[in-house]
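Let's walk through a structure together, one feature at a time. The learner asks, and the teacher gives the idea and then the case at hand.

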Amino acid sequence: MRIRALALIFILSFSYIPIPSAQAQIGAPDVNLECASGTVDIDVYPGSSATGSVTCTVSNPNSYQEKIEIQVSADGLAVSAPSSITLGPNGEEDFIITVKGEERMSKQTRQMVVTATVTEVMGAPPPNIAQKEVNIILNIKQFAGIQLEAREPSITLKSNVESTVNFTLYNTGNSADFFLLTVNSNSMDNLQTAGFKVSLPTAKVQVDEGYPEMIRLFIETPDDYNSWDTNSNGDYEATFILEFEARSEFSCNNGGCFTESATVTITVTHEAESTVGLITNAADNQILVYGGGGAGVILLLLLVMVLRKRKKTE
């Protein structure tokens, strides 16, 4: 009886020993990686920092310490990020990736790849490859830029003639852009009041980045010169200002119009009839008068001589 009782107690004592559950088993090394955004915008306009950033989170899903290596490839752009992060059991940590572009670089998109890899487990190499990867689009943003120059800042024309006024338009932004063209309203009013005719063949032109575009205005000078002053040569002369403007359509569609202007000084002259010409004409007229008078005298003398001969004959 005593032996049976001891055997029963021994069997019952084993029934109370805890058996590890499947949830308590140690898992294989692993890592999780998430980033706050799938796109990073980078401004590269003149004077900008030309940088963009994104926050990512790396986590350790296991109940033991892991060392995780962080690798970032930004398609040729410079990046700043931690090289590795050590996480305790079930730990996580945020880190910031900063990408630097180049000022004035062309508008474009590139791809950035962020990789997290487990390199140590409790100080030892992991028995398996544990790695996660996130792809992020790098958006190099467009900016507008414009430069406008008059080919000839000042010109001199005669009255009542047709001519062209030429400007060179440069797109100094980082992508193709449309530019809206116009003559300044006050300048146009003044020119038309003075009798000018101004024609702009096109009001909108597309220009690629870094390339110049020739812009031509057609004008006809006025012929009403009577109210003009006379210059040192005695000619009628008046000076007018033509102000030409161009603005970036991209900038107007994105919060503010970038406008550039250039002016041309137009001097119009009308040649007055010279004093020498007036004197010559007067002298010619006088000679005609004298010539006509002399011919009359000669005819009169001939008539007298004929009459005298008749009387003698009689």
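**Reading the model, feature by feature**

The largest cavity has a volume of about 40 Å³. This is a predicted model, so keep that in mind as we go.

Q: How many cavities of 30 Å³ or more does a search of the whole structure find?

A: The general idea first: rolling a probe the size of a water molecule over the atoms shows where empty space is left. Here, searching the whole structure turns up one cavity of 30 Å³ or more.

Q: Which residues line the largest cavity?

A: The lining of the largest cavity is made of R151, E152, I155, T164, V165, N166 and V264. Sorted by class, that is three nonpolar, two polar and two charged residues. Strand β12 gives the most to this lining, with three residues.

Q: What about the largest pocket: how much space lies in it?

A: The largest pocket holds about 230 Å³ of space. Its lining has 13 residues, and those nearest the centre are Q142, F143, A144, F250 and N254. By class, the pocket lining comes to six nonpolar, five polar and two charged residues.

Q: Moving on to S175: where is it found, and is it buried or exposed?

A: S175 sits in the loop between β12 (162-171) and β13 (177-183). Its relative accessible area is 16%, so S175 counts as buried; the cut-off for buried is under 20%.

Q: What is S175 in contact with, leaving aside its neighbours within four places in sequence?

A: With those neighbours left out, S175 is in contact with K107, Q142 and E209. You have met Q142 already, among the residues nearest the centre of the largest pocket.

Q: Let's do disulfides. How many does a search of the whole structure find?

A: The general idea: a disulfide is a covalent bond between the sulfur atoms of two cysteines. In this structure the search finds two disulfides. Counting bonded cysteines along the chain, the pattern is 1-2, 3-4.

Q: Which cysteine is joined to C35?

A: C35 is joined to C56, with an S to S distance of 2.0 Å. C35 lies in strand β1 (residues 32-35) and C56 in strand β3 (residues 51-59), so this disulfide ties together parts that are 21 residues apart in sequence. The torsion about the S-S bond of C35 and C56 is about 100 degrees, so the disulfide is right-handed. C56 is buried, with a relative accessible area of 0%.

Q: And which cysteine is joined to C252?

A: C252 pairs with C257, again with an S to S distance of 2.0 Å. The torsion about the S-S bond of C252 and C257 is about 135 degrees, so this disulfide is right-handed. As for exposure, C252 counts as partly exposed at 25% relative accessibility, and C257 counts as partly exposed at 43%.

Q: How do I read a helix? Which residues of α2 are buried?

A: An α-helix has 3.6 residues a turn, so residues three or four places apart point the same way. In helix α2 (residues 185-194), the buried residues are S187, M188 and L191. These residues cover an arc of only 100 degrees around the axis, which puts them on the same side of α2.

Q: What covers the buried residues of α2, and which exposed residues does the face turned away carry?

A: The cover over the buried residues of α2 includes β13, β14 (197-199) and β18 (236-248). The face of α2 turned away from the buried side carries exposed residues N186, N190 and T193.

Q: What can I look for in the backbone? Which phi does D75 have?

A: Most residues other than glycine have a negative phi, and most peptide bonds are trans. D75 is not a glycine, yet it has a positive phi of about 55 degrees. D75 lies in the loop between β4 (66-73) and β5 (78-80) and is partly exposed, with a relative accessible area of 41%.

Q: Where is the place of N90, and what is its phi?

A: N90 is in the loop between β6 (84-87) and β7 (92-100). N90 is not a glycine either, but its phi is positive at about 55 degrees. With a relative accessible area of 54%, N90 is exposed.

Q: Stepping back, what does the secondary structure of the chain come to?

A: The chain has four helices and 19 strands. Of its 314 residues, 30% count as buried. Among contacts in the chain between residues at least 6 apart in sequence, 71% join residues at least 24 apart.

Methods
Residues are numbered from 1 along each chain as its sequence is written. This is a predicted model: local features need pLDDT of at least 70, side-chain atom pairs count only at pLDDT 80 or more; totals for chains, interfaces and linings use all residues. Side-chain values use heavy atoms; hydrogens and water are left out. On a 1 Å grid over the protein atoms alone, a cavity is a set of points where a 1.4 Å probe fits but cannot get out, and a pocket is an open set with protein on both sides within 12 Å along at least five of seven lines; lining residues have an atom within 4 Å of a point. Grid points are joined across faces, edges and corners, and a volume is the space filled by probe spheres set on the points. Ala, Val, Leu, Ile, Met, Phe, Trp, Tyr, Cys and Pro count as nonpolar, Asp, Glu, Lys and Arg as charged, and the others, Gly among them, as polar. A disulfide is a pair of cysteine sulfur atoms within 2.5 Å. Helices (H or I, at least four residues) and strands (E, at least two) are DSSP runs, numbered from the N terminus. Buried means under 20% relative accessible area, exposed over 50%, partly exposed in between (1.4 Å probe, protein chains only). Contact means heavy atoms within 4.5 Å. The arc is that of the directions from the helix axis to the C-beta atoms.
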